[in-house]
Amino acid sequence: LGSGSGQGSIGAGYACSRAILPYLNEANAAAAKTVDDNTKFSTETPVPDGVTAVFSAVAKSLQGMQVDCADVGVYASIANGDLCALADGTIVPDDTVQPPGPAPSPTEPSPNQQPVQSPTLPAPEPAGGQVDYTYSTTGKDAGKIALDVKEIISSTDATIARTVYDSGSNSDTSLSSLSSDASNRFGKDRFYNIFRYAFMDESFFLQGSTGGSLPDSSYANTVVDKALGIAEDTDLAADASVILNTWMEIEHQLEQAVASCTDSSIDGALAVDTAVAYYVGAEQIKGQDDSGYLMYSIAEKSAARFGQSSGEAPVNTIIMKLFNDVQKLVETCSTRDVELRRTVDKIISQMNVPLVRNLVYYMNAAIDDDTSAVTNFIELYALATVPQVAACNPGAFAYLRDELIDYDWDNDDVKDILTKVRENLSCFGITCADIGVLQDAVAQEQLCGGGSKAVTSLAGYDPTTDVSGIASIDRDILQIDILMRMGATQQAKAIYTGGQNSVKQGTDAYTTLQDMATDDDRNMATNTQFDKFSKYYSNPYYADSAIMDAFDKKGAFAGATDDQTRRFVSDALRGMVTYMHGLQELYTAIDECKSGITDNGQSSWDRGAASLIGSIDGAKQTEDYASGGLLMYSLGNDVCSKFDKCSDTNVGMSSSKLVEYLTGGKLFLKDKECDSALDLVDVGITSSLEVSLIQGTLNAIAQMGSASSSDGIWGSGHALMSAIVPLVNDADSGSASTIESNMKFGSSLTNVNAVFDAFTDAVGSMDADCTDIGTYQATPARGVCPPDVVQADTSITLANGLYTTSTYVQDRALIALDLRDMEKALADGNTEVAQGIYDGGLNSDIYDKNGKKVGTRSLASFSTSAPLVMAQEPTYIMFKYALEDIGLGLYLGAPTGEYANSYVLKTFESQNRDDPLLPAEAARALNLWMYVVHELYQAVDNCKRKLVKDDDGVHSIDEVAAYYIGDSQQTGSAEE
């Protein structure tokens with residue numbers, strides 16, 4: 001195929017390749033990537049690497065696919081068309097470009113694609129000779145520690161091995177000292193503190209703790225000690241000393257290299273060389289798994305188990321290339337270097353590949369041999385990997401910790417454990433393409449392969465675009481919280497300002513929480529929420545100012561405790577920063593919809609939903625393990641039990657509504673109903689978010705009422721108060737002042753009931769529905785609805801048990817009494833009274849979303865409102881068509897759309913009626929009948945948009961029942 005070719009085989013090749021790629025990927029992910037790259041639909045550069053590259057990639061995958069190359073045959077039209085020859089190396093293709101290294105798998109099951117993509121590799125590196133890296137400093141000497149590992153492996157006695165481990169034999173630094181000095185050297189490092197946080201509840205780590213509630217700072221020594229003292233397994237101890245001690249040392253040295261850009265006292269070149277030395281080590285021959293003793297060697301061995309035994313393991317080729325990149329970047333950096341940071345992050349991610357591979361290998365080995373000689377290795381590799389999940393998905397971490405570390409090993413759980421690991425590979429910064437398929441003899445259950453279906457839903461919301469990057473912003477919040485908890489506040493601040501987990505789509509840069517907090521694009525005409533905040537605080541960067549003060553303990557936080565500032569920062573990031581960013585994206589989507597861009601703003605809408613739900617709650621969670629989410633969706637779930645507003649699955653009503661409205665808005669945009677989407681944001685989404693914020697604030701003040709002023713709840717209370725008072729102020733400035741004065745840092749007031757009363761005074765003028773807020777279940781055991789409010793979620797029974805509603809529709813059912821009273825008046829000859837009831841209503845009150853009476857419903861209004869509310873409904877349109885005067889658009893001299901009202905009024909005017917009750921019968925058969933049909937259509941429309949209730953909080957199907965059955969109806973009776 002030539003450039004610009006119009007041949008149909010471009011389309012045929014694209015279609016056929018899609019059919020075979022899943023099988024190729026399972027057998028050889030790199031080969032699948034080559035085929036995918038060369039068969040994508042392109043008329044400009046079809047098959048860019050050449051036909052033979054495709055043939056060669058397929059040929060090398062056939063064995064793994066259990067396909068006989070002879071059955072495929074020889075393609076005679078090209079020189080290298082013999083697949084068997086290509087497969088066994090009899091012919092060497094002269095135009096082939098070797099399959100690149102690991103790439104994202106098309107069957108990757110995680111909803112949050114890993115934030116660090118593996119670089120494309122050149123041709124596979126042959127084995128032999130020196131590993132590709134040239135040292136420029138004495139950092140190379142650190143690699144001698146590999147010889148200590150060698151001696152531990154070869155020791156026949158655990159006591160000798162312990163001596164080598166503790167005192168060293170070949171290096172100036174002992175393996176033990178890498179752990180015993182960790183708290184002094186690694187104390188501010190991100191990974192070190194994440195591991196210590198994950199081990200916080202592990203009793204055998206706490207035993208060695210000197211800080212009381214904090215885990216053993218030299219946890220790696222504790223593991224090696226048990227490997228030698230209890231297991232008496234020198235191989236286990238050797239692996240532990242590498243994957244715990246030297247792995248963390250490499251991470252530390254890389255962090256030092258990054259820090260050297262802004263700290264002249266750090267020798268960046270020395271740090272990089274030292275990191276490489278600890279990774280490769282002495283006596284390591286390139287690409288050989290029977291030489292060397294450090295991470296490079298472990299990576300080679302694990303790669304062989306996964307079918308990568310020819311030449312240097314791809315993961316090592318990737319890592320060594322990245323090390324060389326870091327070496328060059330360190331030489332030129334003078335400020336905080338984003339490219340250097342990202343490159344370092346990629347190395348750390350790839351260093352997880354051999355750890356996860358070995359975890360999978362030993363889990364499979366234990367299926368037929370579950371002795372401690374094997375299961376100890378499962379626990380070891382779990383200790384080296386699972387802690388990283390704690391900083392990514394708390395619910396998944398709790399499950400994996402129980403299954404792999406705390407509980408006795410159970411072979412029956414292998415498949416479920418592997419599923420959970422696979423779902424959370426993004427926590428390690430890798431994908432299934434990096435891991436591959438276990439090809440060792442022990443293989444029975446695979447981590448990857450088998451065509452796992454991709455999961456894209458975010459807690460029930462289904463994005464149609466890739467939002468994994470922005471959804472992962474909650475991992476930044478989680479890691480900030482962990483680091484502040486562990487005393488590494490400046491590292492937490494660095495994540496806030498520089499980002500860590502949320503990679504901007506199509507770039508190699510991070511989205512940062514500070515970017516969100518200072519984004520001037522929030523100030524858009526449609527985003528009235530931002531206007532309320534910026535005016536209230538007289539500062540468009542209100543959240544950033546407060547958060548930076550909290551990090552630095554300045555201003556209002558000068559006297560705050562560490563726990564108070566931690567909880568303030570976490571809740572402010574959720575309730576102020578991501579809250580407003582999510583709304584900004586939703587309003588941007590509406591503007592894009594109105595401007596007519598390609599997808600009508602659906603991509604921006606997806607980003608808004610992801611900013612409000614996040615990757616943690618968006619991921620599939622294991623039953624009995626709390627998700628630990630940290631965005632607005634999780635706030636509604638966190639507090640719903642306090643107000644008796646949780647579903648059976650512990651999802652808060654406000655969170656459930658949020659997902660419903662987000663789903664409905666996406667459908668509006670798809671249909672280019674931009675104004676409907678705007679109404680949904682202004683009325684539904686903001687209402688749901690306000691409910692969560694109010695519930696969170698009320699829960700905080702209730703706890704503050706009985707807490708010491710030094711307790712952390714004051715930090716949460718101050719943050720949640722700060723997130724809601726601008727909205728309260730817009731409704732009632734006095735209420736806002738009361739709430740703020742009782743909940744801000746340094747306040748001498750903590751009047752719980754005063755805060756509840758303030759919300760009661762303001763809520764009627766806010767977007768939030770007070771009945772959705774509910775009643776606080778503990779002291780003060782009250783809600784915020786005014787005393788005369790009707791609760792929207794109050795059920796009623798119609799027709800002595802014929803139908804029980806789930807929402808309050810008694811007011812609708814009472815329209816039946818208007819018909820009754822009309823009939824009484826008409827029977828008595830009081831036509832004017834009957835018409836007054838018809839026109840103005842009598843028994844059926846109208847309540848607003850907060851349960852306050854705002855008017856009276858009438859039978860006439862069912863018809864007079866029809867042209868507006870029923871304009872798109874087929875049954876109503878057919879009636880209009882059938883009744884109107886042709887060409888005039890009239891019925892009985894009035895607009896056809898109000899035909900029912902016109903007919904009823906005509907019956908009132910008639911003086912010689914054979915049936916004096918005809919007006920009431922007409923109102924029932926025309927006005928009420930069509931309105932019941934309208935509510936049925938409304939129920940269908942809500943279902944399409946995934947909305948359970950109307951904007952007034954009532955189920956449409958309940959309204960149908962209320963209008964059809966009515967008040968006082970007895971089942972089966974024509975008289976009552």
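**Exercise 1. Which residues of α28 and α35 meet, and at what angle do the helix axes cross?**

Step 1. List the contacts, meaning heavy atoms within 4.5 Å. Q529, K532, F533, Y536 and Y537 of α28 touch S722, A723, V725, P726, L727, N729 and D730 of α35.

Step 2. Sort these residues by class. Seven are nonpolar, three polar and two charged. Ala, Val, Leu, Ile, Met, Phe, Trp, Tyr, Cys and Pro count as nonpolar; Asp, Glu, Lys and Arg count as charged; the others, Gly among them, count as polar.

Step 3. Place the helices. α28 covers residues 528-537 and α35 residues 713-731. Helices (H or I, at least four residues) are DSSP runs, numbered from the N terminus.

Step 4. Read the geometry. The two axes come within 9 Å and cross at roughly 100°. Axes are lines fitted to C-alpha atoms over the stretch in contact, and angles run from 0 to 180 degrees between N-to-C directions. α28 and α35 are therefore roughly perpendicular. That label covers 65 to 115 degrees; under 35 is roughly parallel, over 145 roughly antiparallel, and the rest oblique.

*Ground rules.* This is a predicted model: local features need pLDDT of at least 70, side-chain atom pairs count only at pLDDT 80 or more, and totals for chains, interfaces and linings use all residues. Residues are numbered from 1 along each chain as its sequence is written, and side-chain values use heavy atoms, with hydrogens and water left out.

**Exercise 2. Describe how α15 and α18 pack.**

Step 1. Locate them. α15 runs over residues 295-305, α18 over residues 352-368.

Step 2. Take distance and angle. The axes lie 9 Å apart, at about 50°. The pair is therefore oblique.

Step 3. Assign the hand. The crossing is left-handed: the near helix is turned anticlockwise from the far one by less than a right angle, whereas clockwise would be right-handed.

Step 4. Name the residues. From α15 come M295, I298, A299, S302, A303 and R305; from α18 come P354, L355, R357, N358, Y361 and Y362. Eight are nonpolar, two polar and two charged.

**Exercise 3. Trace three salt bridges, and say where each partner lies.**

Step 1. Start from the principle. Oppositely charged side chains can pair when their charged atoms come close. The cut-off here is a side-chain nitrogen of Lys or Arg within 4 Å of a carboxyl oxygen of Asp or Glu. The whole structure holds 32 salt bridges.

Step 2. Take R18 and D36, 2.9 Å from N to O. R18 sits in α1 (residues 9-27) and D36 in α2 (residues 29-39), so the bridge ties together parts 18 residues apart in sequence. R18 is partly exposed at 30% relative accessibility. D36 is buried at 19%. Buried means under 20% relative accessible area, exposed over 50%, partly exposed in between (1.4 Å probe, protein chains only).

Step 3. Take D481 and R566, at 2.8 Å from N to O. D481 lies in α25 (residues 473-485) and R566 in α30 (residues 562-595), so this pair links parts 85 residues apart in sequence. Both D481 and R566 are buried.

Step 4. Take D571 and R574, with the closest N and O atoms 3.1 Å apart. They are three residues apart in α30, about one helical turn. D571 and R574 are both buried.

Step 5. Look for shared partners. D481, R485, D563 and R566 join into one network of salt bridges.

**Exercise 4. Is S735 buried or exposed, and what does it contact?**

Step 1. S735 belongs to α36 (residues 733-743).

Step 2. Its relative accessibility is 3%, so S735 counts as buried.

Step 3. Leave aside neighbours within four places in sequence. S735 then contacts V728, A758, D761 and A762.

Definitions and conventions
Helix = DSSP H or I, 4+ residues; strand = E, 2+ residues; numbered from the N terminus.
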